[in-house]
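Work through these short exercises with the model open beside you. Try each task before reading its solution.

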Amino acid sequence: MASVSGAQLVAESLKAQNIEYMFGIVGIPVTEIAIAAQAVGIKYVGMRNEQAACYAASAVGYLTGRPGVCLVVSGPGFLHALGGMANATVNCWPLIVIGGSSDRNQETMGAFQEFPQVEAGRLYNKLSVRPSSLEAIPAVIEKAVRTSIYGRPGSCYIDIPGDFVNLQVNKSSVKYVECCLPPPISTAESSAVSRAMSIIALSKQPLLIIGKGAAYSHAENNIRKLVDLCGLPFLPTPMAKGVVPDNHPNCVAAARSTALQHADVIILLGARLNWILHFGLPPRFQKDVKVIQIDICSEELGNNVRPAATLLGDINAVTGQLLEEFSKRSLKYPSNSEWWKRLREKMLNNEERSKGLALQKSLPMNYYTVFHHIRELIPKDCILVSEGANTMDIGRTMLPNYCPRQRLDAGTFGTMGVGLGFAIAAAMVAKDQTPEKRVICIEGDSAFGFSGMEVETICRYNLPVLIIIINNNGIYTGLGADAWKEMLKFGDPATCVPPVSLLPNSHYEEIMSAFGGKGYFVKTPEELQNALKASLTDKQTPSLINVMIDPQSDRKKQEFPWLTRSNL
């Protein structure tokens, strides 16, 4: 009678669920699972840290709609992946984490790396489970994949005891399971759609807010039709940039504060009234603003602000319902209204301020100058990964997106350290689906430090990722080389160097060169332009451009300093 091992069962069950990518770090007891995964055609990417591996697997889930898998060893390896699990669940991205654990006959005995992983995983996952037997593995994996993509997506954890991995079982006794069905698509109640339409029809200062839930649901075609048909101004949240191109005439991202503060009706398309949207509360919003909330998760409806209308369902499907109603009513918001005039005036004013900063000739360069030159040279269809405080925030306003699901950043959880993991995932997916697309990862120097050794992973798998480090020698702000030397005269750096400071003029590009990629150290606009052109021309080799900027460079003055109110 033919037999099969636990490792083979895990791999075959993942393959049966159309899993294509696995990221991880092998070791006791999961090495055989990675080997078995490769044997059935799953691409395995060995990372340098479990946290980055988990971020990469979650990004695959967002980009493809099918969860990536993160494979980790027991105990510390599992714990290192918790950040990725939490990030995926908070971002609503599907993810499967498979963790090895202690042998069953050694539980409670102080086994190697013993830890209550199933119990610990419940706080961070939609499902945290251990198969009761080898025969049950296919059913457990099917349930985990199904749970990760049904309803509001999120992370699921599967615990595999060490003695399961090489244990053999007769194939005839295994409960093989077919691939789970695609997530069911639900639509909103017709009465809710009619109510929303009536509210929109009476609005004087409407605003459509597009969230990354709309990007995940592939609602771009319907949303673009809706924007064109109804003439509403729209504002994308950070990872929803590109659902409707940023250069669309109805995009009011350059007047974000004004649009939020003065809108009388807000239509939320897959966006949450959390910290990113200031909870929907004054002074950032009108106290009597009418909110039309469209979300796949019923528990989200009514959070922080009582909605005027709730449309529960798939974003793409519900947008289709709204489109149908708009076409019946021939309702189009006038482009010459006072509301549009006010928004356009504010947009022009903000764009001029940014342009003035971008065209400054002084050295060292500021953020805006650097992003100006990056914007002029990078391809319009590139996948942008961005993290870092000012680097991410200023880059979001300076670098437009024209296509959906082509911006990855710190997200709802505000997680630093995601950048290189996300870039690796994006490059793997792009290689299979759109090999002509470049992945460009723009990092602050502090953010790069969280996962900088993944540069070796990028080079090992020959992924043509372009990393650009905006280097200000610190977190938020840093010190120049001369100021650093003066500071050290006061004594031990641990007692006198500002906590936000990093070593000045660090040559991060040499990390890329050390692993066979190309590194560039630039200080001037001309050097930046030359490095960008060289990196973009070479479509085969990973590159890192280390861009030195003024350590005191900052964002332009914000109308509302919330979350940037530091006393430094």
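**Exercise 1. Cis peptide bonds**

In which loop does P283 lie? Then find the cis bond there, and look for another elsewhere in this predicted model.

*Solution.*
- Step 1. P283 sits in the loop between β11 and β12.
- Step 2. Check the bond that joins P282 and P283. It is cis, with omega about 5 degrees.
- Step 3. Move on to L363 and P364. The peptide bond from L363 to P364 is also cis, with omega near -5 degrees.
- Step 4. Place P364. This proline is found in the loop between α14 (338–358) and α15 (367–377).
- Step 5. Put this in context. Most peptide bonds are trans.

**Exercise 2. Positive phi outside glycine**

Which loop holds T108, and is T108 buried or exposed? Do the same for Q113.

*Solution.*
- Step 1. T108 lies in the loop between β5 (95–101) and α6 (117–121).
- Step 2. Read its backbone angle. Phi of T108 is near 70 degrees, a positive value in a residue that is not glycine.
- Step 3. Judge exposure. Exposed means over 50% relative accessible area. T108 has 73%, so it is exposed.
- Step 4. Turn to Q113, found in the loop between β5 and α6. Q113 is not a glycine either, yet its phi is positive, at about 55 degrees.
- Step 5. Its relative accessible area is 25%, so Q113 counts as partly exposed.
- Step 6. Recall the background. Most residues other than glycine have a negative phi.

**Exercise 3. The open sheet**

What is the strand order in the open sheet of 5 strands? Which strands stand at the edges, and why is one side of each left without a neighbour?

*Solution.*
- Step 1. The order is β10-β9-β11-β12-β13, and the pairing is parallel.
- Step 2. Find the edges. β10 (234–236) and β13 (309–312) each have a single partner strand, so one side of each has no neighbour in the sheet.
- Step 3. Add the twist. From one strand to the next, it averages 15 degrees.
- Step 4. Inspect the β10 edge. Strand β9 (residues 206–210) runs parallel to β10 and is joined to it by 3 bridges. I210 has P236 in β10 as its bridge partner.
- Step 5. Add the helix. α9 (residues 190–202) lies across β11 (265–269), β12 (290–295) and β13. It runs at about 135 degrees to β13.

**Exercise 4. A residue in β11**

Is V265 buried or exposed, and which residues does it touch?

*Solution.*
- Step 1. V265 is found in strand β11.
- Step 2. Buried means under 20% relative accessible area. V265 has 3% relative accessibility, so it counts as buried.
- Step 3. List its contacts beyond four places in sequence. They are I199, S203, Q205, P206, L207, V289, K290 and I292.
- Step 4. Take I292 from that list. V265 and I292 are 27 residues apart along the chain, and their C-alpha atoms are separated by 7.5 Å.

**Exercise 5. Two residues of β7**

Where are S155 and P161 placed, and which side chain makes a polar contact with that of S155?

*Solution.*
- Step 1. S155 is in strand β7 (residues 155–161). P161 is in β7 too.
- Step 2. S155 has 0% relative accessibility, so it counts as buried. P161 is likewise buried, with a relative accessible area of 0%.
- Step 3. The side chains of S155 and N125 are joined by a polar contact of 2.5 Å.
- Step 4. Beyond four places in sequence, S155 has contacts that include M85, W93, Y124 and L127.
- Step 5. On the same terms, P161 is in contact with S101, S102, R104 and R130.

**Exercise 6. Cysteines and cores**

How many disulfides are there? Which residues have the most contacts inside the largest nonpolar core?

*Solution.*
- Step 1. A disulfide needs two cysteine sulfur atoms within 2.5 Å. The count comes to 0.
- Step 2. Test C92. Its nearest cysteine sulfur, that of C297, is 7.6 Å away. C92 is buried, with a relative accessible area of 13%.
- Step 3. Test C180. Its nearest cysteine sulfur belongs to C179, 4.8 Å away. C180 is buried as well, at 7% relative accessibility.
- Step 4. Now the cores. The largest has 147 residues, and F23, L311 and I467 have the most contacts inside it.
- Step 5. A second, separate core has 26 residues, among them M365, Y368, L399 and I549.

Conventions. Residues are numbered from 1 along each chain as its sequence is written. This is a predicted model: local features need pLDDT of at least 70, side-chain atom pairs count only at pLDDT 80 or more; totals for chains, interfaces and linings use all residues. Side-chain values use heavy atoms; hydrogens and water are left out. A nonpolar core is a set of buried Ala, Val, Leu, Ile, Met, Phe, Trp, Tyr and Cys residues joined through side-chain atoms within 4.5 Å. Buried means under 20% relative accessible area, exposed over 50%, partly exposed in between (1.4 Å probe, protein chains only). Two strands pair if DSSP finds at least two bridges between them. Helices (H or I, at least four residues) and strands (E, at least two) are DSSP runs, numbered from the N terminus. Axes are lines fitted to C-alpha atoms, for helices over the stretch in contact, and angles run from 0 to 180 degrees between N-to-C directions. Contact means heavy atoms within 4.5 Å. A polar contact is a pair of N or O atoms within 3.5 Å; within protein, one must be able to donate a hydrogen and the other to accept it, and residues adjacent in sequence count only if both atoms are side-chain atoms.
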